[in-house]
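Q: I would like a close look at a single part of this model, and then at what surrounds it. Please keep the cut-offs explicit.

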Amino acid sequence: MDPKEKKITDEEMQAQQVAQEGNEPNKKEESQGGGPEKDAQEKDVPVSEEEKLAEELTAVQEERDTLKDKYLRLSAEFDNYRKRTMKEKAELVLNGSEKSISSILPVVDDLERALKNMETAQDVEAVRSGVELIYNKFMSILGQNGVKVIETKDQLLNTDFHEAIAVIPAPAEEQKGRILDCVQTGYTLNDKVIRHAKVVVGE
């Protein structure tokens, strides 16, 4: 064989060995993991899951912020409502009787005029009539404000409305246990007793 041909043959064999050695890592990679494409696919899976979790976290945080803002607004509104209610109650306690007092003032005016007229009045009957008119007017105003007189004349004793301060023999059989006299008038306000009538009862 020609030495030149042998040299070429040796070079070709070396080139084939180098090519085979260069392909062996690729085969090894293919046998282990399927090559670069499969590695890229495996990396894509966890990345997409992280993105999904990040989006869910962002949504939850936004919902939390919305609920927190709503809570703070409701809390502030309730606090303002509570303060306003307390102020209204305080004003009601202080000025709740304003309407009643205003309705009584005309009676006070009438009493002032009556007292002034009494200084020069000669007719006692006229003075008595004037005072009676003022009294009737005053009782009418009280009635308009829910105040009523507790009835006592010929009534049976009722401890819910009457307070017996004395017991005397009844002048007649049918008057036993009944009220014979009223020492102090009692009143109710909107059907609630604000002062019991003090009475004398027959026995």
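How many helices and strands does the protein have? Then take helix α4: which of its residues are buried, and what do they pack against?

A: This is a predicted model, so local features need pLDDT of at least 70, side-chain atom pairs count only at pLDDT 80 or more, and totals for chains, interfaces and linings use all residues. Residues are numbered from 1 along each chain as its sequence is written, and side-chain values use heavy atoms, with hydrogens and water left out.

The protein has four helices and six strands. These are DSSP runs numbered from the N terminus: H or I over at least four residues for helices, E over at least two for strands. Along the sequence the pattern reads α-α-α-α-β-β-β-β-β-β.

Start with the dimensions of helix α4. It covers residues 124–144, which is 21 residues. From its first C-alpha to its last it reaches 31 Å, close to the 30 Å expected at 1.5 Å a residue. That expected span is 1.5 Å times one less than the number of residues.

Now the burial. The buried residues of α4 are I134, I141 and L142. They cover an arc of only 100 degrees around the axis, so they sit on the same side of α4. The arc is taken from the directions that run from the helix axis to the C-beta atoms. L133 and Q144, on the other side of α4, are exposed. The cut-offs are under 20% relative accessible area for buried, over 50% for exposed, and partly exposed in between, with a 1.4 Å probe and protein chains only.

The buried residues of α4 pack against α3 (98–118) and β1 (147–149). Contact here means heavy atoms within 4.5 Å.

Both ends of α4 have a local feature. D123 caps the N-terminal end: a side-chain oxygen lies 3.1 Å from the backbone nitrogen of E125. After α4 comes G146, whose phi is positive, near 90 degrees.

Follow the α3 side next. D110 is found in helix α3. At 15% relative accessibility, D110 counts as buried. Leaving out residues up to four places away in sequence, D110 touches I134 and K137. I134 is one of the buried residues of α4. With K137, the side chains make a polar contact at 3.0 Å. A polar contact is a pair of N or O atoms within 3.5 Å; within protein, one must be able to donate a hydrogen and the other to accept it, and residues adjacent in sequence count only if both atoms are side-chain atoms.

Beyond α4 and β1 come the other strands. Strand β6 (residues 197–202) is largely enclosed by the rest of the structure, because five of its six residues are buried. Six bridges join β6 to strand β2 (residues 162–168), and the two run parallel. Four bridges join β6 to strand β3 (residues 179–184), and this pair is antiparallel. Two strands pair if DSSP finds at least two bridges between them. For registry, A164 has V199 in β6 as its bridge partner, while D181 stands opposite V200.

Two residues of β2 are worth a comparison. H162 is found in β2, as is A164. H162 counts as buried at 7% relative accessibility, whereas A164 is partly exposed at 40%. A polar atom of the H162 side chain lies 3.1 Å from the backbone oxygen of E151. Beyond four places in sequence, H162 touches residues including I150, L157, I179, A197 and V199. A164, counted in that way, is in contact with L157, V199 and V201. The C-alpha atoms of A164 and A197 are separated by 8.3 Å, though the two are 33 residues apart along the chain.

The loop between β4 (187–189) and β5 (192–195) holds N190, and D191 lies there too. N190 has a positive phi of about 55 degrees although it is not a glycine. D191 has a positive phi of about 70 degrees and is not a glycine either. N190 is exposed at 58%, and D191 is exposed at 69%.

Finally, the totals. Of the 203 residues, 11% count as buried. Among contacts between residues at least 6 apart in sequence, 59% join residues at least 24 apart.
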